[in-house]
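Let's take a friendly walk through this structure, with an eye on its internal spaces and one of its sheets.

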Amino acid sequence: MITKDEVCKVHAMTEEEKYALLKNVINDYDRKESNLIQILHMAQAIFGYLPVEVQHYIADQMELSVSKVNSVLTFYSFFSTQPKGKYTVSICLGTACYVRGGREVLNKLKDVLGIDVGVTTDDKMFSLSVMRCIGACGLAPAMTVNSKVYKQVNPNKIHRILGMLK
Amino acid sequence: MTTNYLLKRVDFIFKNENDWEVILSKSINRAPQELINELISSELKGRGGAGFPTGLKWKLSAEAVNAIKYVICNADEGEPGTFKDREILSRVPFKVLTAMAVCGHVIGAKEGYIYLRGEYHFLRPELNKAIVEFEYYCKEIKFDFSIKIFMGSGAYICGEETALFESMEGKRGEPRNKPPFPSTSGYMGKPTVINNVETLAHTFTIFKYGAKRFYDLGVQYSRGSKLFSVSGDTPKPGIYELELGMSLEDFVEEFGDGDTKAVQVGGASGFLVPRKRFHETAIGFQGKLTGISLPTGGSMMLFNSSRSMFNVLDNYLEFFREESCGQCTPCRVGCQQLLKGIKAVKRGEKNAQYLDKLLRLTETMQYTAKCGLGQSVANSFSSIVENFREEMIY
Amino acid sequence: MAKKIKISINGVSVEIDQDTTILDAARQTGVIIPTLCYHKDLCVAGNCRVCIVEIMGQKRLTAACATPCEEGMDILTNSLKVRNSRKHIIELLLSEHNADCTRCYKNGNCELQKLASEYKIMTQDFIRLVPFKNYTIDQFSPSIIKDDSKCIRCQRCVRTCAELQGVNALTVAHKGDQMKITTFFEKAMNDVVCTNCGQCINHCPTGALVEKNYIEEVWDAIADKTKHVIVQTAPAVRVGLGEELGFGPGVRVTGKMVAALKRLGFDAVMDTDFTADLTIMEEGTELLTRLKRKMVDHDPDVKFPMATSCSPGWIKYIEHMYPDYLDHLSTCKSPQQMFGALAKTYYAKARNLDPETIVSVSIMPCTAKKFEANRPEMHDSGYRDVDYVLTTRELAIMIKQAGIDFMRLDDVHYDRLMGESTGAGVIFGATGGVMEAALRTAYELVTGRDVPFDNLNITPVRGMEGVKEATVKIENPLKEWAFLEGVELKCAVAHGLVNAHKVMESIRSGESNYQFIEFMACPGGCLGGGGQPIPTNPEIRRKRAEAIYAEDEGMPLRKSHQNPEIIKIYKDFLDHPLSEKSHHLLHTHYSPRDRF
C-alpha cells in the first residue's frame, strides 16, 4: 500500500514519476471500480487536482469509461478539476457561521484576494472556497487555511491571517 | 458546571472507562438473540435523526441469510450545527469499535466500515491507530472482525444510508429506491447494519450496564440520553449529553442568552420552534408529552432577536439546492423553486400568497421525494415560514 | 408458477404474481399510471416521481415503477393527494423545461407535453428556471442535436447509452441544481465516443435529444428542376413507417411507401435492399477469399473472425473502443454507401445523366447513417455519394406535410435498375439477417446446394437473444472449394453495442473461435434503429421482426445471387465480386479514434 510519505514527496516528482505512482495506487486498489473514490482521492493528493489527462489515465487503467469517472468525481465537492493554490482558504457557510457573519468574511476575502469562489490567484498562492458546517459552530464564524482552523474570524482579521502566511 | 440543573445531564458516552476489552469479550460470549433482546428492551432508537429502533435493525439483518454481511458506522456527520460524532470518535473511539464488533457477532458479519465525513480527515490518523490496536485485541481473543475507514468526499447526501452505500461502491452518492432495505440488501447488495456513531456508542452503554439503566432514562417512546450539539446565540456552546423528553423551555432557560427568539432543532432538515411554543415542545421521538415532540439528530441552534429568519431559511435552502443529489424531480426542482420563491417574495416580485403555494409544494416534496433529504426540506421551510411570515415578506 | 398475492387497486381486488411492481399490476388490470423516467428497455430509476400512488395507511406516496406489490396492499392511483402531488411534479418539470412547444421538433410527440395536456396545466405559477441556466444547444454532430434546455433529467438517455449500448457517451455530472446530462468534460457529442446510434433520441421523452433533420434541404432539391433526385429506402423502414402514419406496429407498408415517395416528387425510387444483396455478393466472397488465404495460402495477415460492416454505429464503436481490431472488419461499405457510389456512376451512366445533377437521398431507420454519409472517405463516385439521409420519422413528417393520405395509397413497385431485391436483402433489417443472407448465398456458392435449413430459414440466428450462435458444416463442396470440406463455419450475431462488447471481449481473451460475426449497433438490428418511430420497445421490435420475416417469405426470390439486377450489374458494370471496380466503389477503410 502506498504510504503517506510518498504522497508528501510528490511536489519533487516529475510528471512521469507521478503517473508511475498513480499506477501503483491503482494496482494497490486492485483496479476495482468500487475503489474508484479512494483512487481519486490519492490521484488528487499526487497531482493536486484532477485534470482531464489524469481522469483519462485512471479510466484507461481501470477499464472504465472516462465519462463515468468524470460523472463520479463531479458529484463530490472534494474533487477539483482546477489546480489549487499553495493555500486553500475556505470559509464555513454553515448556518451558525452564516448568520454570525460568514458572508461578510467571505466578501472581505474576495476583496483582499481579488478572486471569486472556486478560483486561484494568478501567483498560485491562494484558492478560495466555501464549505459546509465543519462543526466549529460553537465559535462561529470559522474559516480554514489548508487544514488549520481559525475560529471567530471577522473581516478585520483577514489581513492579519493572510499576511502571516506570506 | 454551575447553576441550577433544569435539565437532567447524563454522563455515559464520554465517561472514560478503560474496559472495552471486557465488554467486548463478555458480549461476544453472549448469544446474538440475547443481545438483540437487550437492545429491544432498552428501546434505543437511531440517533442519526430518523429514529429507527436499533434492536429491530440488528434483528432483521441477523435473520437475513447470507454468508457475507457488513456493519457500517455512519460518521458522515454533515447536518449543519452537528458535531457530536466527531467528538465521540476522537474521545471514545473504542466504544464505537467495540459496538461494531458486537454487532458483527450478532448479525454474523466479519467486516466493518467507518464512513468518515471528508471534512474529518484530521481524525483519521488517531482513529487508524485505535483500529490497529482493536484488531490486534480481536486476534488475541480469536474473534474475526476487521474495520476499515472509508473517507467521504464532500457530499451531504451520503449521510443517507443507501447513498452512502453507493458512494462506498465507487459511484455517485445517489439514494436508491427502497425496498429493498439495507437489512437485506445494503452495501454490495449484502445484508448490512448501518448505525450512526452515537447509536453505536449507546449500545456500548447498554451492553455494559444492561438495558434497564438506559431505559430508565428519558420518557415513554423516547428512552435514554442523547448528545446535543448546542450552537448559535448561546453563552455556552458545546456538546451535552441530556435525557430525552426535556422541554424546550428548560433547554432555552439553560442555554439561551436571555433573548432567544427561536431554536432550530435537528439542523437544516429539522424544525424551527418559535419562542411562543418553547413550553409545549419536548425533545424526543414521537408521542405527545405536554406538546409536540421532535426527532433530532442532535443539533440545537439558538437564534436571538438580532437574527433574520429569512437569512436562516435562505441559508438552509441554498444548502439543500446544492446538496440535493439532483436525481428526483421534487427535490431537485423543488429546492430551486423554494429558494427563488422566497427571494421573489422578499423583493416583491411575487405576492405574499405565493408563500402558500410554496408551502403546498413542500408538502408534495414531503410525500414524493425519493429520500429523506427531499422529504425533510418541508420541516424547516414550513416551520420558519409559518412562524415568521412577516420576516419573509418585509 | 409465481406465487399469487391479493391487492386492491382503486377499490378493485385483484390477484397478481408476487414481485410484480405496482405499475405493472395496474397496467395488467387496466389502470394507467403515467410515467416519464420509466422505459421497458431500461432498468427502473424511480427518478421523475410522476408515477406516485397512495398506499392506504402510509403517509408518503410511493413510486409505482419501483415498488413491488405486497399482500393486502390497498392502492389508490388517483386520490386527491396523488393528483395534487402529480400536478405539482409536472409543474416543476415544466418550470425547468424550455416549454416553447410550438417551436419544438418534438411538438406533438413529447411525453411531457402529453402529460401537461392531460393534467391541463394552464398557468405558470412557478418561476421559470430556464433563463437562469446557461444552456447552449449542441448541434455539431451531423446526426444528433442535444438541447439541455428541454432536458428533464429522467436519465433515460444515460441508461440507454450505458445499458443497451455500453458506450457511456452520455452521463450524469454534478449534483443538486447543477446536475445535468452531459458528455465527458461537456465536450460536443461529435467529439466524444458517441456512435450516433440515436438510441438516446429514441428513448428521450422530450425534445432534448433529436435527430438533425434535413427535411428542408430535401424539399429544396425536389423543387430544383435542374436536379435529378433519387431516393433509396432501407429494409427496416417499410416495417416501421406505418406506425407514424396510422398503422399499428408490424404492418408492412412497402408499396404505399414507394407510392408516397413518388408523390413527394422524387425522380426515382429505388431500394437499399438491392445493395443489401450486392453486399452479400461482396462480403460473402470476401469471407470465402479470407478463408482461402488462411487455409490454402497460410497468409499470416488475414484476420479472423471477420466482422460485418453494415452498421455505422458499430463501425464508429469499434473505431473508438477496439481500434486494434479494425482489420477484422469486412472492407465492404454499408448498403447505403454502396448505393450512393453506384447512383452517381452506374445509374448515371445507364440513365445518361450528369452525376453532378444527381441528388442522392436515403431513408434510413438510423441516425448514424447521417454521420456515415458525411465521412470524408465516402466520395468514391467523385461526388458526395449520399447527399442527404432522412430517418423513418423524417420521411413520415414529409408525407404529412405533403398532405398525402397514406392509408389510402395503392401499392407501387420500385423503379428498375436498382430497385429489385430478394428476401435476403429484406432481412438485413433484423438482427441476424445479414448472417442469414450471407449463409444462404455463401453455402450455395461453395456447395451448389441450398443451405441445410428448413425452407432457407436459419432460425438459430433469428430472435432477440443478445448474442446468437450458429454452426454450418460444409460437406461435399464444389471442386474449387475442396479445401473447405468438413469445415464447421462458426458464426455469431450480436445486436446492441453492449452485446457487441461481450463478443469483442471474448475475441480479445481468445475464448471464442468464430469465423464470421454480424454486429448491429441497435437492439433488434435496424428495425430497432435510432431513427425508427418512437416509441420502440421490446414488443414493438418483435412485431417489426415478424413483419420482416413475413416479407422475406413472401418474396419469389430469397437468395441475393438470384437477384436479376445483381446479375445484370456484374455483367454490365462490375465484372465480378471484389473486382477492381468494386474495390474502388464498394469497399472502404477505417480509422482508429480516441476513447473520450
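In this predicted model, three helices of chain C, namely α10 (312-321), α11 (335-351) and α12 (368-373), each supply at least two residues of the lining of the largest cavity. That lining counts 24 residues, and those nearest the cavity's centre are Cys310(C), Ser311(C), Pro312(C), Lys369(C) and Cys526(C). Where does the largest cavity sit with respect to the domains of chain C? Domain 3 (215-274 + 336-408) and domain 4 (280-333 + 421-586) both give residues to the lining, so the cavity lies between them.

The structure holds nine cavities of 30 Å³ or more. For the second largest, 16 residues form the lining, and the closest to its centre are Cys151(C), Cys157(C), Cys204(C), Ala208(C) and Leu209(C). Here is how the residues of the two linings divide:

| Cavity | Nonpolar | Polar | Charged |
|---|---|---|---|
| Largest cavity | 15 nonpolar residues | eight polar residues | one charged residue |
| Second largest cavity | 10 nonpolar residues | two polar residues | four charged residues |

As for volume, the largest cavity has about 240 Å³ of space, and the second largest has about 120 Å³.

Now over to chain B. Four of its strands form an open sheet with parallel pairing, in the order β3-β2-β1-β4. At the edges are β3 (146-151) and β4 (192-196), each of which pairs on one side only. From one strand to the next, the twist averages 20 degrees. Strand β1 (residues 70-75) runs parallel to β4(B) and is joined to that strand by five bridges. Tyr70(B), for instance, has Thr192(B) in β4(B) as its bridge partner.

Key: Residues are numbered from 1 along each chain as its sequence is written. Chains are lettered from A and ligands numbered from 1 in the order in which they are written. This is a predicted model: local features need pLDDT of at least 70, side-chain atom pairs count only at pLDDT 80 or more; totals for chains, interfaces and linings use all residues. Side-chain values use heavy atoms; hydrogens and water are left out. Two strands pair if DSSP finds at least two bridges between them. Axes are lines fitted to C-alpha atoms, for helices over the stretch in contact, and angles run from 0 to 180 degrees between N-to-C directions. On a 1 Å grid over the protein atoms alone, a cavity is a set of points where a 1.4 Å probe fits but cannot get out, and a pocket is an open set with protein on both sides within 12 Å along at least five of seven lines; lining residues have an atom within 4 Å of a point. Grid points are joined across faces, edges and corners, and a volume is the space filled by probe spheres set on the points. Ala, Val, Leu, Ile, Met, Phe, Trp, Tyr, Cys and Pro count as nonpolar, Asp, Glu, Lys and Arg as charged, and the others, Gly among them, as polar. Domain bounds come from an automatic or database domain assignment.
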